[in-house]
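Here is a set of questions and answers to read alongside a structure. Have a look at the picture and the sequence, then try each question yourself before reading on.

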2 protein chains.
Amino acid sequence: MARPSRFDLPQLLDAAVRLAAESGPSGVTMSAVAATVGAPSGSLYHRFAGRSALLAEVWLRTVEDFQEGYFAALESSDDPRAGGRAASRHVVAWSRGHPQEAALLLYGAHEFGRDDWSEEHLLRADEGNMQVRAAVAALAGALGLHGRLALERVSLAVIDLPLSLVRRHLRAGEALPPHAEELAEQCTDALLAGG
Amino acid sequence: MARPSRFDLPQLLDAAVRLAAESGPSGVTMSAVAATVGAPSGSLYHRFAGRSALLAEVWLRTVEDFQEGYFAALESSDDPRAGGRAASRHVVAWSRGHPQEAALLLYGAHEFGRDDWSEEHLLRADEGNMQVRAAVAALAGALGLHGRLALERVSLAVIDLPLSLVRRHLRAGEALPPHAEELAEQCTDALLAGG
DNA sequence: ACTATATTAGAGAGGCATCTCTAGAACGTC
DNA sequence: GACGTTCTAGAGATGCCTCTCTAATATAGT
């Protein structure tokens, strides 16, 4: 009942990911995305309300793809400490498998124009954040750790630390070294060990 | 022998820092800096070769100010592990004392237009990086740790981990909690402990 | 006072990006 | 095969930013 689209949504978002990985969020302009896929700017504005909407979609699609595997890893074992290790390893392994998407994650929602997002997009983002917070809190509880300080330590161990490892290499323009997963797992374990 | 300047360099860089902390590096436009201090754009271009030069100066001044105290902390004790703890604590304490500059550090040289910097600015940046690398390598040696993996673990412990802690809070728009220094020190120590 | 010099002062050209608007093309359906 | 819908297509208005250029101005030294 309608004309078929030459430029579908995933294709446009893929182009945006590539641009973001290469030149950062500021490189993701409507013109640049259009030029990458060979579409006129009108087609882009037909699909996205504006640049903010495009940025939000790229960011959310990437984060949600990442988080899917992350949660699975975190809950992959009955031993909470093993779950923490698996989660840490997943951060590195996923980044190795998706270097462009990982480069994107190292920025933040803020740099993807979060302040200009629609209510809908903000809701989607919040939902993911809440899930992460809940999962980490559950992990801390299972480890017998309580209090704000302990919670923060667990967050560092299973989120920020492995992300730091990825950042260190990607920001330097290198690929992740072969031992990165091992290192992340060991460091996470060291942080989860001491109370 | 010359007309006195109404707008001196530190004043302009301070304005740039404020803008970067508020809206990121992309918010540091020549017009914005000029408007902040009330200067016409001509005065800015008299002092800086262009926007890249301004960005480089802000970034380098901030990094160098940070590193000064960082090195002092790292070498503050004969016990290398105590030095590592002090360095970690310094990252957090300095960030608490200089929240705007810290927000700036959480971006990276790349986002401050490093690709467009002059040879001079690149040299200044490299010098700082080499010093850090050397200091961390010395710390690893003093701890009896050798090899790439160990070196990377030490880097994570004394650089990336405390920076992650700062990032976690500043990105969320919060101030650093009172216990942040303690937490950073403990986590760094935990990572330096296991071989 | 005069000169040399460093700086302010600001208008304006040129470029790039966002977004709007109108026209037309392709497809399923009746 | 005509119709309605969805999309492509791209020209153009608007705005911001970088950077240049020229003129004016204030100070120190002679």
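Q: What is the area buried between chain A and chain B?
A: A word of care to begin with: this is a predicted model. The size of an interface is often given as the accessible area lost when the parts come together. Here carbon and sulfur atoms give 58% of that area. The total buried between chain A and chain B is about 2,600 Å².

Q: Which residues of chain A lose the most area to chain B?
A: The contact involves 27 residues of chain A and 27 residues of chain B. On the side of chain A, three residues stand out, and together they make up 21% of what that side buries. They are E152(A), L156(A) and R168(A).

Q: Which helix gives the most to the side of chain A that touches chain B?
A: Across this interface there are seven residue pairs in polar contact. Both α8 and α9 of chain A supply at least two residues each to the side that touches chain B. The helix that gives the most, with 15 residues, is α8(A).

Q: What rotation superposes chain A on chain B?
A: The two chains fit on each other with an RMSD of 0.1 Å, and the shift along the axis is 0.0 Å. That is the relation of a two-fold axis. The same surface serves both copies, since 96% of the contact residues of chain A recur in chain B. The rotation is 180°.

Q: Which residue of chain B meets R168(A) in a salt bridge?
A: Four salt bridges are found across the interface of chain A and chain B. In this one, the N to O distance is 2.4 Å. R168(A) lies in helix α8 of chain A and its partner in helix α8 of chain B, so the pair joins two chains. The partner is D160(B).

Q: Is D160(B) buried or exposed?
A: A residue counts as buried when its relative accessible area is under 20%. R168(A), at 26%, is partly exposed. D160(B) has a relative accessibility of 12%, so this residue counts as buried.

Q: How many residues apart are R124(A) and E64(A)?
A: Now for a pair within one chain: R124(A) and E64(A) form a salt bridge, with the closest N and O atoms 3.0 Å apart. R124(A) sits in helix α7 (residues 119-142) and E64(A) in helix α4 (residues 51-74), so the pair links distant parts of the chain. R124(A) is partly exposed at 30%, and E64(A) is partly exposed at 32%. In sequence, the two are 60 residues apart.

Q: Which parts of chain A does the salt bridge of D189(A) and R81(A) tie together?
A: The side chains of D189(A) and R81(A) meet at 3.0 Å, N to O. D189(A) counts as buried at 18% relative accessibility, whereas R81(A) counts as partly exposed at 30%. The two residues are 108 places apart in sequence, so the pair ties together helix α9 and helix α5 (residues 80-97).

Q: Which residues are linked with D189(A) and R81(A) in a network of salt bridges?
A: A search of the whole structure finds 24 salt bridges over all chains. Some of these link up into a network that includes D189(A) and R81(A). The other members are R85(A), R89(A), E182(A) and E185(A).

Q: Which side chain makes a polar contact with the side chain of E181(A)?
A: E181(A) is in helix α9 (residues 180-193) of chain A, and at 10% relative accessibility E181(A) counts as buried. Leaving out residues up to four places away in sequence, E181(A) touches R89(A), V92(A), A93(A) and R96(A). The polar contact, at 2.6 Å, is with R96(A).

Q: How far apart are the end C-alpha atoms of helix α7 of chain B?
A: This helix has 24 residues. At 1.5 Å a residue, the helix should span 34 Å, which agrees with the distance in the model. The end C-alpha atoms are 34 Å apart.

Q: Which helices do the buried residues of α7(B) pack against?
A: Among the buried residues of α7(B) are H121(B), G128(B), V132(B) and L139(B). Just after the helix comes G144(B), with a positive phi near 80°. The buried residues pack against α4, α5 and α8 of chain B.

How values were computed. Residues are numbered from 1 along each chain as its sequence is written. Chains are lettered from A and ligands numbered from 1 in the order in which they are written. This is a predicted model: local features need pLDDT of at least 70, side-chain atom pairs count only at pLDDT 80 or more; totals for chains, interfaces and linings use all residues. Side-chain values use heavy atoms; hydrogens and water are left out. Copies are superposed by least squares on the C-alpha atoms of residues with pLDDT of at least 70 in both. Contact means heavy atoms within 4.5 Å. Helices (H or I, at least four residues) and strands (E, at least two) are DSSP runs, numbered from the N terminus. Buried means under 20% relative accessible area, exposed over 50%, partly exposed in between (1.4 Å probe, protein chains only). A polar contact is a pair of N or O atoms within 3.5 Å; within protein, one must be able to donate a hydrogen and the other to accept it, and residues adjacent in sequence count only if both atoms are side-chain atoms. The expected span of a helix is 1.5 Å times one less than its number of residues. Buried area is the accessible area (1.4 Å probe) that two parts lose on being put together, summed over both.
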